[in-house]
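Here is a short report on one protein model. Please look over the sequence and the fold before reading on.

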Amino acid sequence: MRYIFNFPDIGEGLDEGTIAEWYVVKGQPVRSGDALLKMETDKVVTDIPSPRTGTIVALYGKVGDVVKVGEPLVEIETGEAAADEPLTEQVEEKGAGVVGTLEVAGNNAYLPASDEGPEVRQDQDKPLRKALATPVARAMAKEHGVDINLITGTGPGGRVTTEDVSRYIQSSREVIDRQKKIVVPLDERVTFEPLSQLRKTIAKNMLASKQQAAHMTVHEEVEISNLSAIRQRYKEQLAAQGLKLSYLPFIIKAVAKALKSHPLLNSQMDLENNRMIFKHYYNIGIAVDTEDGLMVPVIRDADRLSITELAAAVSGFAEKARTRSISMEDMKDGTFTITNYGSIGGIHAVPVINFPQAGILGTGRVMEKPVIIGGEITKGVVMPLSLSVDHRIVDGGEVTRFLNDVMKYLADPVAMLIRSEEHTSELQSRGL
């Protein structure tokens, strides 16, 4: 018997994915739990395992194709074996907000179940349509990169003629590169590229944030000569340990400390239940720039980590995000977000809130510029800051007080770290 395996619901509300790589070919034997293909979703790239043991008899889709949840991926000839019949159970993934049926494939695989298609018999297979065409028309279509099966023939018996191919090329004015999935007009003034899953979800989330949150942004500048000197002093020492010491770990530490004094900035509004949700943990999301778009891995319990530990976390997550090896778990449950657009060159910006969080802090390019200290003009090191908040949750006064605390910690990092050490000693003395 043949078995059609459909693209399963892998959680997080995802409804489609893009085929990134096939691991199997037609005629290849597979066991339950073997990886069939790599699928790129809105948030991650993940392998999809086989739910059955058997032989691959059909693959549905090519690399680059978008597949909806519930659509077929592969067809497997299972033979008479019954040991791999799937079991189903109701489960709920904590924090994912998705309740569904999971399928346990044999004893060594675990994946979310899809609405599998029916068992089909071999004699039910239907051949794909193949166009009738003259040899000259086929050669012409091949030369221009056109799939002749897409052309409607007007010749005898529905055959595709050279005139049909010419009309098709003239009307579309496009040449399709199937491998790169790029559509290129013949005059090459405009090119087209399909949206990636990541870019589509970024667009969806940004629009939702702008539509559902009342954005307000406050801009400030903080003089950080002391912080710059400390960073320079320990930069080479940490580099010897394989760690890059940027300003970001200090910013994370300052934000985490300030959030403790300003809980509204670490909350979210729950209108459905007519309540506010205050979070007493500090998971800081870090917006990371990649070729495909922004990804936001989360550093958990950032308030409990040292500067060195924060530097290691930043470096590790940045590399995972850039290589698309970050997992859904890495991006869950952030309570506040920091975006460092200044690492590329921006000074001030208006960051978009990572909804439903209450705020996002943007940091601009650190610059040397004249400042007034003690009534004297001197050279200073200045970091621009941009804080966007949901004005439904936080009023202007509280926003300013929070930003003032962040600036205080960045301007006097030694005091910030000393206070952190005192807090740690206090917890240790209490056995915590």
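Is strand E2 (residues 16–22) largely enclosed by the rest of the structure, or open, and why? In this predicted model, 5 of the 7 residues of E2 are buried, so the strand is largely enclosed.

**Strand E2 and its partners**

E2 pairs with strand E7 (residues 66–68) in the antiparallel sense, over 3 bridges. Here Glu16 stands opposite Lys68 of E7. E2 also pairs with strand E4 (residues 35–40), again in the antiparallel sense, over 4 bridges. In that pairing Glu21 stands opposite Lys38 of E4. In a regular strand, side chains alternate between the two faces of the sheet.

**Nonpolar cores**

The largest nonpolar core holds 55 residues. Ile252, Val255 and Phe336 touch the most other members. Another core lies apart from it and has 16 residues. Among them are Phe5, Leu36, Leu37 and Ile48.

**Rings**

The structure holds 1 aromatic pair. The ring centres of Phe336 and Phe402 are 5.8 Å apart and the planes stand at 55 degrees, so the pair is tilted. An edge-to-face pair would need planes over 60 degrees apart. Phe336 lies in strand E21 (residues 336–339) and Phe402 in helix H7 (residues 396–411), so the pair ties together parts that are 66 residues apart in sequence. Phe336 is buried, with a relative accessible area of 0%. Phe402 is buried too, with a relative accessible area of 0%.

Charged side chains also meet rings. The charged end of Arg52 sits over the ring of Tyr3, 3.7 Å from its centre. Arg231 lies over the face of Tyr247, at 4.5 Å from the ring centre.

**Backbone exceptions**

Most residues other than glycine have a negative phi, and most peptide bonds are trans. Which residues are joined by a cis peptide bond? They are Phe355 and Pro356, with omega about 10 degrees. Pro356 sits in the loop between E21 and strand E22 (359–363).

Two aspartates have a positive phi. They are set out below.

| Residue | Phi | Loop | Relative accessibility |
|---|---|---|---|
| Asp301 | near 50 degrees | between strand E20 (298–299) and helix H6 (307–322) | 29%, partly exposed |
| Asp333 | about 65 degrees | between H6 and E21 | 39%, partly exposed |

The cut-offs explain the last column: partly exposed lies between under 20% for buried and over 50% for exposed. At 29%, Asp301 therefore counts as partly exposed. At 39%, so does Asp333.

Notes. Residues are numbered from 1 along each chain as its sequence is written. This is a predicted model: local features need pLDDT of at least 70, side-chain atom pairs count only at pLDDT 80 or more; totals for chains, interfaces and linings use all residues. Side-chain values use heavy atoms; hydrogens and water are left out. A nonpolar core is a set of buried Ala, Val, Leu, Ile, Met, Phe, Trp, Tyr and Cys residues joined through side-chain atoms within 4.5 Å. Buried means under 20% relative accessible area, exposed over 50%, partly exposed in between (1.4 Å probe, protein chains only). Helices (H or I, at least four residues) and strands (E, at least two) are DSSP runs, numbered from the N terminus. Two strands pair if DSSP finds at least two bridges between them. Rings of Phe, Tyr and Trp (its six-membered ring) pair if their centres lie within 6.5 Å; planes under 30 degrees apart count as stacked, over 60 as edge-to-face and the rest as tilted. A charge sits over a ring if NZ of Lys or CZ of Arg is within 6 Å of the ring centre and within 35 degrees of the ring normal.
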